[in-house]
Amino acid sequence: MSASDALREFISPLLDGWKIQLGRWVDGAKTDRFAVIRPAGGAPAELVRRPKFSLMLIGALNEPAQTAQTAADAIVEAMRASSGTLVFLQPGEPVFWATDDGRPVFEIAVSAITN
C-alpha cells in the first residue's frame, strides 16, 4: 500500500460525505465537498521513506467556511492521536484560502514516515 493510499484510508472515515481525490482537484457539482491529496515529494531513504503531501479540503459553494475548518481540525487532531497504518503523520497548521467562486478551502501540509 502506498503512503497516499494509507493517508486516504486514514482520512476517509473523518470525511463522511466528502469526495476524496488523489493528485488534482476535478470539480463537480458546486454543492459537493472535496478532499484532494496531492503528493509534494519528500526524501527517500534506504528503508524509510518520508513522503510529503498537501491535503486540500474544498467546501461547497455558499457553505460556511467553518464546515471545512471543522473537518481540517478533526484531521489534524486525528493525526496527532494516531498515524493509522503509517508509521508517523505530522500535520501542519491548516491554511485558509478561497476558490475563484468563493468556496472555502483549508490546506494542510502533511509529512509522513513509512517503511
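1. Before we start, one term: a strand here is a DSSP run of E of at least two residues, a helix is a run of H or I of at least four, and both are numbered from the N terminus. Please also keep in mind, as you look around, that this is a predicted model.

2. Let's begin with strands S5 and S6. S5 covers residues 95-98, while S6 covers residues 104-113. The two run antiparallel and are joined by 4 bridges. Across this pairing, Trp97 stands opposite Val105 in S6. Together S5 and S6 make a hairpin, with 5 residues between them. In that turn, Gly102 has a positive phi of about 95 degrees.

3. Now look at the loop that links S5 to S6, where you will find Thr99. Is Thr99 buried or exposed? Thr99 has a relative accessible area of 11%, so it is buried, since buried means under 20%. Its side chain makes a polar contact with the side chain of Asp101, at 2.5 Å. The side chain of Thr99 also reaches the backbone nitrogen of Arg103, at 2.9 Å. If you set aside the neighbours within four places in sequence, Thr99 is in contact with Trp25, Ile58 and Val105. Val105 is a residue you have already met, as the one opposite Trp97.

4. S6 has a second partner to find. Strand S4, residues 88-91, is joined to S6 by 4 bridges, and these two strands run antiparallel. Within this pair, Val110 of S6 is the bridge partner of Pro91. In a regular strand, the side chains alternate between the two faces of the sheet. Which residues of S4 lie on its covered face? They are Leu89 and Pro91, whereas Phe88 and Gln90 make up the uncovered face.

5. Stay with S6 and find Ile113. With a relative accessible area of 26%, Ile113 is partly exposed, because that term applies between the 20% limit for buried and the 50% limit for exposed. Ile113 and Arg49 are 64 residues apart in sequence, yet their C-alpha atoms are 5.7 Å apart in space. Not counting residues up to four places away in sequence, Ile113 touches Val48, Arg49, Arg50, Leu86, Val87 and Phe88. Phe88 is one of the residues on the uncovered face of S4.

6. Next, turn to the helices. Two packed helices are described by the angle between their axes and the distance between the axes. How far apart are the axes of H1 and H2? H1 (residues 3-11) and H2 (residues 65-81) have axes 11 Å apart and pack at an angle of about 115 degrees. The two helices are therefore roughly perpendicular to each other, a term that covers angles from 65 to 115 degrees. The crossing of H1 past H2 is right-handed. At the meeting point, Leu7, Phe10 and Ile11 come from H1, and Ile75, Ala78 and Met79 come from H2.

7. Leu7 of H1 deserves a closer look. Its relative accessible area is 0%, so Leu7 is buried. Beyond the residues up to four places away in sequence, Leu7 touches Ile37, Phe53, Met79, Leu86 and Leu89. Met79 belongs to H2, and Leu89 is on the covered face of S4. Leu7 and Ser111 are 104 residues apart in sequence and 11 Å apart in space, C-alpha to C-alpha.

8. The loop between H2 and S4 holds Ser83. Ser83 counts as buried, at 16% relative accessibility. Leaving out residues up to four places away in sequence, Ser83 touches Phe10, Phe88 and Leu89. Its C-alpha is 8.7 Å from that of Ala112, although 29 residues separate the two in sequence.

9. Finally, visit the loop between strand S3 (50-58) and H2, where Glu63 is found. Asn62 is in this loop too. Which of these two counts as buried? Glu63 does, at 15% relative accessibility, whereas Asn62 is exposed, with a relative accessible area of 74%. Asn62 also has a phi near 65 degrees, a positive value in a residue other than glycine. The side chain of Glu63 makes a polar contact with the side chain of Arg33 at 2.5 Å. The Glu63 side chain also reaches the backbone nitrogen of Ala60, at 3.0 Å. Apart from neighbours within four places in sequence, Glu63 is in contact with Arg33 and Pro104.

Conventions: Residues are numbered from 1 along each chain as its sequence is written. This is a predicted model: local features need pLDDT of at least 70, side-chain atom pairs count only at pLDDT 80 or more; totals for chains, interfaces and linings use all residues. Side-chain values use heavy atoms; hydrogens and water are left out. Buried means under 20% relative accessible area, exposed over 50%, partly exposed in between (1.4 Å probe, protein chains only). Two strands pair if DSSP finds at least two bridges between them. A polar contact is a pair of N or O atoms within 3.5 Å; within protein, one must be able to donate a hydrogen and the other to accept it, and residues adjacent in sequence count only if both atoms are side-chain atoms. Contact means heavy atoms within 4.5 Å. Axes are lines fitted to C-alpha atoms, for helices over the stretch in contact, and angles run from 0 to 180 degrees between N-to-C directions. Angles under 35 degrees count as roughly parallel, over 145 as roughly antiparallel, 65 to 115 as roughly perpendicular and the rest as oblique. A crossing is left-handed if the near helix is turned anticlockwise from the far one by less than a right angle, and right-handed if clockwise.
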